[in-house]
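Dear colleague,

Please find below the structure that I am handing over to you, followed by an account of what was found in it.

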Amino acid sequence: MGDILALAGSNLVSPMVLSFALGFAAALARSDLSFPEAAAKALSLYLLFAIGFKGGASVADHGLDATLVLAIAAGAALSAVIPLIAFALLQAISGLDRVNAAAVAAHYGSISIVTFVAATSALTTAGEGFEGYLVAVAAVMETPAILVALWLARAGRAGAAEPAGGTEPGLWREIALNGSIVLLTGAFLIGLATGPSGLAEISSFIIDPFKGVLCLFLLDMGLVAGRGMRTGARHLAAPVIGFGLCMPLIGAALGLAAGTAIGLSTGGIALMATLAASASYIAVPAAMRVALPEANPSIYLTLSLGVTFPFNLTVGIPLYSAAAALVSGG
Amino acid sequence: MGDILALAGSNLVSPMVLSFALGFAAALARSDLSFPEAAAKALSLYLLFAIGFKGGASVADHGLDATLVLAIAAGAALSAVIPLIAFALLQAISGLDRVNAAAVAAHYGSISIVTFVAATSALTTAGEGFEGYLVAVAAVMETPAILVALWLARAGRAGAAEPAGGTEPGLWREIALNGSIVLLTGAFLIGLATGPSGLAEISSFIIDPFKGVLCLFLLDMGLVAGRGMRTGARHLAAPVIGFGLCMPLIGAALGLAAGTAIGLSTGGIALMATLAASASYIAVPAAMRVALPEANPSIYLTLSLGVTFPFNLTVGIPLYSAAAALVSGG
Amino acid sequence: MGDILALAGSNLVSPMVLSFALGFAAALARSDLSFPEAAAKALSLYLLFAIGFKGGASVADHGLDATLVLAIAAGAALSAVIPLIAFALLQAISGLDRVNAAAVAAHYGSISIVTFVAATSALTTAGEGFEGYLVAVAAVMETPAILVALWLARAGRAGAAEPAGGTEPGLWREIALNGSIVLLTGAFLIGLATGPSGLAEISSFIIDPFKGVLCLFLLDMGLVAGRGMRTGARHLAAPVIGFGLCMPLIGAALGLAAGTAIGLSTGGIALMATLAASASYIAVPAAMRVALPEANPSIYLTLSLGVTFPFNLTVGIPLYSAAAALVSGG
Amino acid sequence: MELHPKKRLEVIVEAPALARILRFLDERGVKGYTILPAIAGSGASGRIWSREGQVGDAGRMVAIVAIMDEARLEQLFDDLYGIVSRQIGIVSISDCMVVRKDAF
Amino acid sequence: MELHPKKRLEVIVEAPALARILRFLDERGVKGYTILPAIAGSGASGRIWSREGQVGDAGRMVAIVAIMDEARLEQLFDDLYGIVSRQIGIVSISDCMVVRKDAF
Amino acid sequence: MELHPKKRLEVIVEAPALARILRFLDERGVKGYTILPAIAGSGASGRIWSREGQVGDAGRMVAIVAIMDEARLEQLFDDLYGIVSRQIGIVSISDCMVVRKDAF
Ligand SMILES: Nc1ncnc2c1ncn2[C@@H]1O[C@H](COP(=O)(O)O)[C@@H](O)[C@H]1O
Ligand SMILES: Nc1ncnc2c1ncn2[C@@H]1O[C@H](COP(=O)(O)O)[C@@H](O)[C@H]1O
Ligand SMILES: Nc1ncnc2c1ncn2[C@@H]1O[C@H](COP(=O)(O)O)[C@@H](O)[C@H]1O
Ligand code: NA
Ligand code: NA
Ligand code: NA
């Protein structure tokens, strides 16, 4: 329990969280501090490559077991179920219409890889291990939520003809082959193929500077999230904000249960909870702009990036880790 | 004294100075070697974050003393006084009109963080320590010079109505919250809050590759400075160039005196002298384009970046270090 | 021989080659994975700076000998002779007209620095040393091929008046001072001047993360090459593709012979063969667009980047290394 | 040199819709277009977006410029507007002159 | 589809002046504009600038494109020109057609 | 404010040809122009290029915008077209209005 509080405390004053806070504060204060788009994207490519590679190398090292298959199935199931819960909750408490509720729900079923990365980083600092294949689970969880949410949005238009472009032929391929998934999965496979010796070759690139790069990236995320809150907050009614704070807890509870049921390690359970709790802010928004252009991005992006991401980063991750330690008796 | 010459010599053949020289030469030879704007900006964000963080962590380690307050006061005073001297000198020796003289003066009162970074790097190589809070002093010195210079420029228009947009409401907030200051100060505070353990977490990002990144950045600065000299040199009359070589020495002398008076370490005195000697090339030019658009950027940018920056980098830094060693008997 | 096969095998499952394969596959599958142009250019600047600097520092460490001059002369000769062979071969087997054949020939006489870098990296992994000055040889080999190819293209227009802009005055300076050559040569000279102590100062920037950066860069090259193949493959008739696979072998044989004749080390011979086998995809295409705009970039770029580069990276480098070991009895 | 009148179509639209619009232009036989990046903007909806620091495509805008014959433009304009009007963006048309006479 | 004539205002101006100009456009009720990056240029003053490798804003230029009603443009043009003429840059106006009829 | 009619020349051309074209404009006394980046395009030849991830200049395009007097444009247009037509790209001309009266 002392460990748990220590983890929570050390998380809040970690360079990672403080970097995010700096960016958030700078944006709210309207500082012109900003990252070039190309630099932000390069940092995210680095993080995806590094986290994928490390996951694959770790699997190559420790071997695969049946849990991997269970974990992937559990991830896919969570990604499909969470939007249903989120949608029902939004219909009940928020005034959002069907399309906007479905779009928001898609974000919470999918995942935020940066939240995942921050959680792995906090676990590593705390000396807690985890299953390397959770990276693959993360990749699997990106998509199902989108399908479920589109079905929810269209169920309402029962009998109505599909709008022009509604059954966009290229859309599914675009979603399945989106850059993040391909890079994450590909790097995982490379790590798997080259194993610990491959990791040793490039570890001074993908391990040593990893946390520092993450700090810079979180600084930028803070800037973007803060700017989003400044311009988008007025689109978020109180119940919607409440949703953005509660839904991660519901997702985390499901993730905890699933992780425990399939027998993950303490760190693995914490990560499963984090994935379930996190909300997408890259892949799903882009998919929504194509598949549900009527939905308002000021709502879903601001909620995911301005409310849920900071919540998970500061309060959520230590909480989910603590809960994982409790349930696994660790 | 042998040490001093050795420092000067090693400074001139350091990878840092030679990288700058390479960029400068390539630009003069009209090579198409160039850095993408986004890459240059990303490098500068890295340097600001790293230098700020290290400063804060060093203060967390060694504790604060009263000298910090004195150093900040001295920095602010130098930043306010140097433009007055610079302006008087320019009025006396150059043919520049009041507005251009004031704009140039603002640059010399303010500071160049890259010159500061290069000096810390040279000191570290020489095994010379310094006060971590000088990073905060650097941040404080950015702005006062701008206020004084604007006052100088407008004093001349006595009785004249303010030009449209002259009392730009947003300008002061923009200057105070400009990205460099916010990042430098914020990273300093993060380093202060997380201390040596935070530094340990990310040191393989912000310490190990630091000098190498600085080399690449100086290479780009050489390209930009060289290009500036090629296209802008004809805007610089001989007395103006003379000013660009003498003014750093005057500033350095004031910085040496101030640093000695308030009891800084040898390395600290050298850095105070370097700050006072250096001329801004990011924050002040941008502020001048808004506040004094009549002033000619070909004069102030070329002088600061093409004359004073190279002078400080090659001759100035070892000279100020040597002088600091002399005055502090070190 | 066991060593040779091991090298070949380890080359194919190295993170470097697999990263390239990932990018290539992602592009063929039309994933939207992509690197910002600025990030790709920044990575290439890093690689050029690092490889140049390390070469120079290595020469400073081991001293120069007469072989350097011989190697530079051999490089220049190879760069001038290979286009003649390539041109004759293309005229014989491909249906390409004179101008397109000359443009393609220029690419094969010149070199690909990334292929060179990948070869040095594979040698280092295999514990095989090589002469640091081969970096300078690489720089020298960039240009002669262009001159020879332009002469070939114009020889056909005997008696015809030069087209407008044909004798572009700035062109030769542009080619000689192109960014890659200047950076590579300049970094080499800086490494030479600062030697092992300079290298020690920045080695955690230019040595430790080098392979990892190379992986990311090769991932991007895979994306670009795959995209090129997808859109450009229909411009490549079978004999032209055959040329793209045979010509590297011819070049490598010449490079092997030259390297052996002038007495390079085993690693040095392998690199000389790699340089001769590699085809330019940055400097020469840009020069061709200015000097021979009638030539079709879909042919030369696709062939160099989509056929020859992958061939060299996967099959070529281990083959040339093995051959070098054989001829030098190593 | 003889100049021929053409129409210059300019579509400023959010990046996620780009693939769909290009597919549409390709299907309708528009052979020439160029895509320019935008860095920030403000729309009728009052929202100000900025490209700085963003990683994803959702908040980005691009400008598509396509010079073509008036006749071709007239054929495709209504359908194009139908696509763009569902997205965040604006379509405008202006006159210009080019040298090439061939229909495009 | 019915098209309506509008004016296309294009301001190419140094980046440090951007905030001021956008504030002006916002104050005057201009709801729509897009900002495009520029990479290099040459001015009446003969100076050639380039964005490459630069870190600061001082030497950068941007292009602001705003499509609006002629009436609104006439109201704000003189004041806008008053601001831009003090900075490094150029203002131009051309005709274009858009679908949306609503005043903007 | 009084407005003066000018011509707006827009050249979309591959990056390696840029230096040559700027040299030409400078020689012909064109003092003002701005260069904008392009990120992707498709040409009469059907080739689609994209700037993403590319390191070299060969596959890149840029847009050059130059506002000038009709008279000056007429003098230089044929020679300019002679250069651009050998490269990958397109030249177009449209009308615009500016404030500055001085010839440019
Ligand atoms: N009148 C306009 N002039 C120029 N760009 C505009 C205009 N209206 C909208 N835009 C661009 O289109 C984006 C979306 O506009 P909207 O769909 O009106 O919210 C804005 O962010 C601008 O980049
Ligand atoms: N006639 C013009 N056509 C296009 N851009 C121009 C023109 N004149 C000026 N510019 C742009 O405005 C910047 C400043 O011009 P100036 O204020 O005339 O020095 C130049 O660097 C160009 O980017
Ligand atoms: N009609 C057009 N409208 C806009 N851009 C064009 C047009 N035609 C060509 N381009 C641009 O010019 C490039 C080369 O065109 P081309 O020389 O026709 O292959 C294309 O990739 C586009 O960027
Ligand atoms: Na989730
Ligand atoms: Na100063
Ligand atoms: Na070659």
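**Sodium sites**

The sodium ion (ligand 5) has as its protein donors B:Tyr108 (O), B:Ser110 (O), B:Leu275 (O), B:Ala276 (O) and B:Ser278 (O), which lie 2.4 to 2.9 Å from it. Donors here are N, O and S atoms within 2.8 Å of the metal (3.2 Å for Na, K and Ca); water is not among the atoms, so sites may look incomplete. Please note that this is a predicted model, in which local features need pLDDT of at least 70, side-chain atom pairs count only at pLDDT 80 or more, and totals for chains, interfaces and linings use all residues. Residues are numbered from 1 along each chain as its sequence is written, chains are lettered from A and ligands numbered from 1 in the order in which they are written, and side-chain values use heavy atoms, with hydrogens and water left out.

Along the sequence, the donor residues of ligand 5 are spaced Y-x1-S-x164-L-A-x1-S. Of these donors, B:Leu275 is buried, at a relative accessible area of 0%, and B:Ser278 is buried at 1%. (Buried means under 20% relative accessible area, exposed over 50%, and partly exposed in between, with a 1.4 Å probe and protein chains only.)

For the sodium ion (ligand 4), the protein donors are A:Tyr108 (O), A:Ser110 (O), A:Leu275 (O), A:Ala276 (O) and A:Ser278 (O), at 2.4 to 2.9 Å. A:Ser110 lies in the loop between α5 (98-109) and α6 (113-125) of chain A, while A:Ala276 belongs to helix α13 (residues 266-277), so the pair ties together parts that are 166 residues apart in sequence. Helices are DSSP runs (H or I, at least four residues), numbered from the N terminus. A:Ser110 and A:Ala276 are both buried.

**Relations between chains**

Chain A is superposed on chain B by a rotation of 120° with 0.0 Å of shift along the axis (RMSD 0.0 Å). That is the relation of a three-fold axis. The C-alpha of chain A nearest the axis belongs to A:Ala38, 3.6 Å from it. Superposition is by least squares on the C-alpha atoms of residues with pLDDT of at least 70 in both copies.

A rotation of 120° with 0.0 Å of shift likewise places chain F on chain D (RMSD 0.0 Å). In chain F, F:Pro37 comes closest to the rotation axis, at 4.3 Å (C-alpha). The contact (heavy atoms within 4.5 Å) takes 21 residues from chain F and 22 residues from chain D. Only 10% of the interface residues of chain F are also interface residues in chain D, so the copies meet through different surfaces.

Together, chain F and chain D bury about 1800 Å², 62% of it on carbon and sulfur atoms. F:Ile39, F:Ser42 and F:Tyr81 supply 26% of the area that chain F buries against chain D, more than any other three residues. Buried area is the accessible area (1.4 Å probe) that two parts lose on being put together, summed over both.

**Aromatic rings**

There are 24 aromatic pairs over all chains. In one of them, F:Phe77 and F:Tyr81 have ring centres 6.3 Å apart and planes at 20°, so the pair is stacked. Rings of Phe, Tyr and Trp (its six-membered ring) pair if their centres lie within 6.5 Å; planes under 30 degrees apart count as stacked, over 60 as edge-to-face and the rest as tilted. Both F:Phe77 and F:Tyr81 are buried.

Yours sincerely

Technical notes:
Helix = DSSP H or I, 4+ residues; strand = E, 2+ residues; numbered from the N terminus.
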